[in-house]
Amino acid sequence: MPRRPPGGGETLTGVIPASTAPAASTRLPAGLPSAAVVDLDAVAANVAELRAVAAGAAVMAVVKADGYGHGMLPVARAALRGGATWLGVAQLGEALALRAAGITAPVLAWLTVPGDRFAAAVAAGVDVGLGAAWTVTEVATAARATGVTARVHVKVDTGLGRGGCRAVDLPDLLADLLRIEAEGLVRVVGIFSHLASSDTPGDPSVAAQVAAFTAAVEVAERAGARLELRHLANSAATLAVPGARFDLVRPGIAVYGLSPMPDLASSADLRLRPAMALLGRVALVKDVPPGQGVSYGLTHVTTTDTTLALIPLGYGDGVPRHAGAAGPVLLGGHRVPVAGSVCMDQVVLDLGGRDGAVRAGDVAVLFGSGRDGEPTAQDWADAAGTISYEIVTRIGTRVPRHHVGSVPSELPGPLPGAVPGPLPGAREAAR
Ligand SMILES: Cc1ncc(COP(=O)(O)O)c(C=O)c1O
């Protein structure tokens, strides 16, 4: 698929035709200088789309790192409403936070350290991903201490060179696990791995990793593992590598409506809706003559009589300083790059001419849906030389997350019918 134009707009700088979308000013709650508005209906719809694409494989929505910055708990509930039957996180603390919020859906956490909260996780019915010999000892100890069988998924390194055991170490790891499975301490539920270059689905490493994973599954089954779940695919592989889907897919970025392979397909191409919009309220407007230097270092100098607008979002809020002078912002029908340096608390916009219509209190869109001239998180990623994952995940804690859509963030627990029955581990934990 061809590379899409930035944010759907024709030019980085220009006047955008009249909008059909809700005005930004109606989306930023009154009284707030800024907010990340998160559309939970978009999250649910994205998961439903991924579920349809996954063609029979179960969907584990990855909600680590505070739901990629979107707010883990509301996003988790929205994902379950959209048809995810699993939630995936990196750390045990994240899994425990899901449980503490009353979420009973199956949860897998895959990044642990010695001395981690294994006992609490096992007692809470959290599945643990493991790929190191020391974890076998830790989960066995946790199972003995709690009287709960630990459910584990073996992680194999099929080529990423990051987490997971080496293929050569898999037989010994399995032998250790199956020995304590026979004692009732663990249940080896699954085997999984992670892809290195799925954003380039035709990369030879992808097929090589699928083959290596298939071989690892065979090794595990021959060793006697009664596997329920084989899983390998992240967002890009879910969407573009059918052979990587196995029993369950683990999409993250696509749940939030962002393309995992922006060089090949936009969110819209993939029928995904960006869930987060980063909005800031204009703090100050002033008219200046040509020759006015703007922001630290005066790297931007106005070239005409123009209007400057001050937006209270800066690198302290996660707006990348790297993107200064290129990060696009939509305000009052102007789509303009940030003028000069991104500061800690603010950016300045040069509206490219006098505009008496833009006023303090108006709302600027740093990124959002990509429709009606709104820039996207991908546009900011392009401007900063990074990936959209980093743009949304690094939005700071000073920026309130304002959740909209039909899954209110304050719901105490999962929605009726959205969550499958309790886990075996959870049942045992209740005894
Ligand atoms: C093990 C694992 N699975 C799935 C994902 C989701 O990846 P993506 O956001 O690219 O879909 C991640 C995220 O990094 C991960 O670490």
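This report describes the confidence, barrel, pocket and cavity of a predicted model.

**Confidence**

Across the protein, pLDDT averages 91, and 89% of the residues score at least 70. Two stretches stay under 50: residues 1-19, with 41 contacts beyond four places in sequence, and residues 408-431, with 39 such contacts.

**Barrel**

Eight strands, running in the order β3-β4-β5-β6-β7-β8-β9-β10, close into a barrel with parallel pairing. In general, the strands of a sheet pair through backbone hydrogen bonds, in either the parallel or the antiparallel sense. Within this barrel, β8 (residues 186-192) pairs with β9 (residues 229-233) over three bridges, in the parallel sense. Phenylalanine 192 has histidine 231 of β9 as its bridge partner.

**Largest pocket**

The largest pocket holds about 990 Å³ of space. It is lined by 44 residues, and those closest to its centre are Lys64, Tyr68, Leu160, Arg162 and His194. Elements that each supply at least two residues of this lining are the helices α3 (64-68), α7 (133-146), α10 (235-240) and α12 (388-393), together with strand β6 (127-130). Strand β6 is also one of the barrel strands. Domain 1 (6-37 + 274-404) and domain 2 (85-254) both contribute residues to the lining, so the largest pocket lies between these domains.

**Largest cavity**

The model has one cavity of 30 Å³ or more, and the volume of the largest cavity is about 30 Å³. Its lining consists of Leu278, Gly318, Val319, Pro320, Leu366, Phe367, Trp380, Ile391 and Ile395. The linings of the pocket and the cavity divide by residue class as follows.

| Lining | Nonpolar | Polar | Charged |
|---|---|---|---|
| Largest pocket | 21 residues | 17 residues | six residues |
| Largest cavity | eight residues | one residue | no residues |

**Alanine 325**

A further local site is the loop between β15 (306-311) and β16 (328-331), where alanine 325 is placed. Apart from neighbours within four places in sequence, alanine 325 is in contact with Pro337, Val338 and Gly340. Threonine 299 is 26 residues away from alanine 325 along the chain, and the C-alpha atoms of these two residues are separated by 8.8 Å.

Definitions and conventions:
Residues are numbered from 1 along each chain as its sequence is written. This is a predicted model: local features need pLDDT of at least 70, side-chain atom pairs count only at pLDDT 80 or more; totals for chains, interfaces and linings use all residues. Side-chain values use heavy atoms; hydrogens and water are left out. On a 1 Å grid over the protein atoms alone, a cavity is a set of points where a 1.4 Å probe fits but cannot get out, and a pocket is an open set with protein on both sides within 12 Å along at least five of seven lines; lining residues have an atom within 4 Å of a point. Grid points are joined across faces, edges and corners, and a volume is the space filled by probe spheres set on the points. Helices (H or I, at least four residues) and strands (E, at least two) are DSSP runs, numbered from the N terminus. Ala, Val, Leu, Ile, Met, Phe, Trp, Tyr, Cys and Pro count as nonpolar, Asp, Glu, Lys and Arg as charged, and the others, Gly among them, as polar. Domain bounds come from an automatic or database domain assignment. pLDDT is the predictor's confidence in each residue, from 0 to 100. Contact means heavy atoms within 4.5 Å. Two strands pair if DSSP finds at least two bridges between them.
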